[in-house]
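Colleague: I have some questions about the wording used for this model. Please give the reasoning behind each term.

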Amino acid sequence: MGASQPPIAPGVNPRRRTVLIIDDEATFLDLCRESASTSDCDVRTAITAAEALHIIDRRYVDLIFASAAVCGLQLIRIIQENHPGIKLVAFTVQGVPEMAAHALHEGAIDFIERPFAVGDFQEKLKQWLGPDSPCSPSGLVGRSQSMQKIYNLIQTVADREFPVVILGETGTGKELVAQAIHLSGPRKDGPFMPVDCSALPPTLVESELFGYVRGAFTGAEQDRKGLFEAAHRGSLFLDEIGEMPTDLQSRLLRVIQEGEVRRIGSNKAVPVDVRIIAATHRDLNQAVTEGSFRMDLYYRLNVFQMVLPPLRQRKSDIPLLVAAFLKKHANEIRRITHVSPKFWTRAMAYDWPGNVRELENMVERSLALGSGTVLTDEEESLPQEVQAGRSQRLATERLGVLEKQTILKATQRARDSS
Ligand SMILES: Nc1ncnc2c1ncn2[C@@H]1O[C@H](COP(=O)(O)OP(=O)(O)OP(=O)(O)O)[C@@H](O)[C@H]1O
Ligand SMILES: [Mg+2]
């Protein structure tokens, strides 16, 4: 198909793009066509899979919207195999996350749940048809509105030099976002140096950050560059900055203000050109009020704040994330083609206090524990006797609660009758 296309000369306006919409309901197709009329594109519709393939073989199609329920995943697979250049967005049914997951597994780039508002459809059309469709940088997965906002913010701050503070619960992707900011900006070819202020004892954080000269303290047998110097012309990611001891905070502030660093035990100033990106799961404002975080450093760092949404507030991203983690952790022994309904039920009902990291761990564990081509809930993949043991334990726990209730009721009755 691509070979029959005339090459587009530089500077010549590219041809109008073509969108193909596939569904077996004529009225639905009419509605889509009408909604798409605001976009500058040619819209084709097909009511059967055969008709769709006929169109695809004859004209250059840029984007396809296809109903996963009607056309089946087979059509998606055929299109992906024969025309890998065409982007395909699946229409799925609200409340049936496995449909979205299967479509993504077959190669769809995105999905839109039916019923949808006309605006949502137009938004998707714009997103995937535009040459500058927002892509998720640095391996970030998710197309929920809150993640789209994060991608836009990443682009906004990437080109500027001011510090950024990333806030969010554990496992929400703070480090990934920090990396994305670095990789989307002019320092992308420079180093990205992460330092976890909570993982090291305070003295080590100091020598890690600023380096030392030989003889500065016992054990300093040779000069060592700190991470500030190592991050020169790149970015320094100060993870869990809220845990940094206050005396180190003032030292950090000085380095940021002066743009030069002194190794421990040395008076020589070394100029450093470093962009600071910080992250914490703590409320820094409150830490300032409590006196555990210096106000001057807070104001210096907090030029721009980004708050990452917890996974429970963007559950529509779960199918995309599961698909991505299945790909990431796939091994030679197991190839997953389906996800069990119980897995979805549990994944969509759960609150995910550990956020994306917890979801990733769950997929990884279920992959490791289970067998066959279906991804199952961890519980399902446990051997029978372990499952039996679990339900027995649960039953006794329930019995305990019942007993307590009976005692309470009996006491109440006794009190009432006295
Ligand atoms: N949007 C996302 N898309 C894909 N993977 C993600 C996303 N968010 C987080 N992850 C994955 O989840 C894990 C945790 O992410 P990350 O380390 O960035 O979180 P964090 O907010 O820094 O957590 P913590 O506060 O515990 O350090 C990583 O394996 C990361 O790859
Ligand atoms: Mg982290």
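Colleague: Why is ligand 1 said to lie between domain 2 and domain 3?

Modeller: In this predicted model, domain 2 (146–307) and domain 3 (311–381) both give residues to the shell around ligand 1, so ligand 1 lies between them. The shell has 17 residues, and the closest are Thr170, Gly173, Lys174, Glu175 and Val356. H7 and helix H15 (355–369) are the elements that give two or more residues to this shell.

Colleague: How do the residues of the shell around ligand 1 divide by class?

Modeller: There are 5 nonpolar, 8 polar and 4 charged residues, with Gly counted among the polar ones.

Colleague: What makes H6 and H7 oblique to each other?

Modeller: Helix H6 (residues 145–158) and helix H7 (residues 174–184) pack at an angle of about 45°, with their axes 8 Å apart. Angles under 35 degrees count as roughly parallel, and 65 to 115 as roughly perpendicular. H6 and H7 fit neither class and are therefore oblique. H6 passes H7 in a right-handed crossing. Ile150, Ile154, Gln155, Val157 and Ala158 of H6 meet Val177, Ala180, Ile181 and Ser184 of H7. By class, this contact has 7 nonpolar, 2 polar and no charged residues.

Colleague: Why are H13 and H15 called oblique?

Modeller: The axes of helix H13 (residues 318–329) and H15 cross at roughly 50° and come within 10 Å. With 65 to 115 degrees counting as roughly perpendicular and under 35 as roughly parallel, H13 and H15 are therefore oblique. Their contact includes Phe325 of H13 and Val356 of H15, and its residues divide into 9 nonpolar, 1 polar and 2 charged.

Definitions and conventions: Residues are numbered from 1 along each chain as its sequence is written. Chains are lettered from A and ligands numbered from 1 in the order in which they are written. This is a predicted model: local features need pLDDT of at least 70, side-chain atom pairs count only at pLDDT 80 or more; totals for chains, interfaces and linings use all residues. Axes are lines fitted to C-alpha atoms, for helices over the stretch in contact, and angles run from 0 to 180 degrees between N-to-C directions. Helices (H or I, at least four residues) and strands (E, at least two) are DSSP runs, numbered from the N terminus. Angles under 35 degrees count as roughly parallel, over 145 as roughly antiparallel, 65 to 115 as roughly perpendicular and the rest as oblique. A crossing is left-handed if the near helix is turned anticlockwise from the far one by less than a right angle, and right-handed if clockwise. Two residues are in contact if their C-beta atoms, placed from the backbone, lie within 7 Å. A residue is near a molecule or strand if its C-beta atom, placed from the backbone, lies within 6 Å of it. Domain bounds come from an automatic or database domain assignment.
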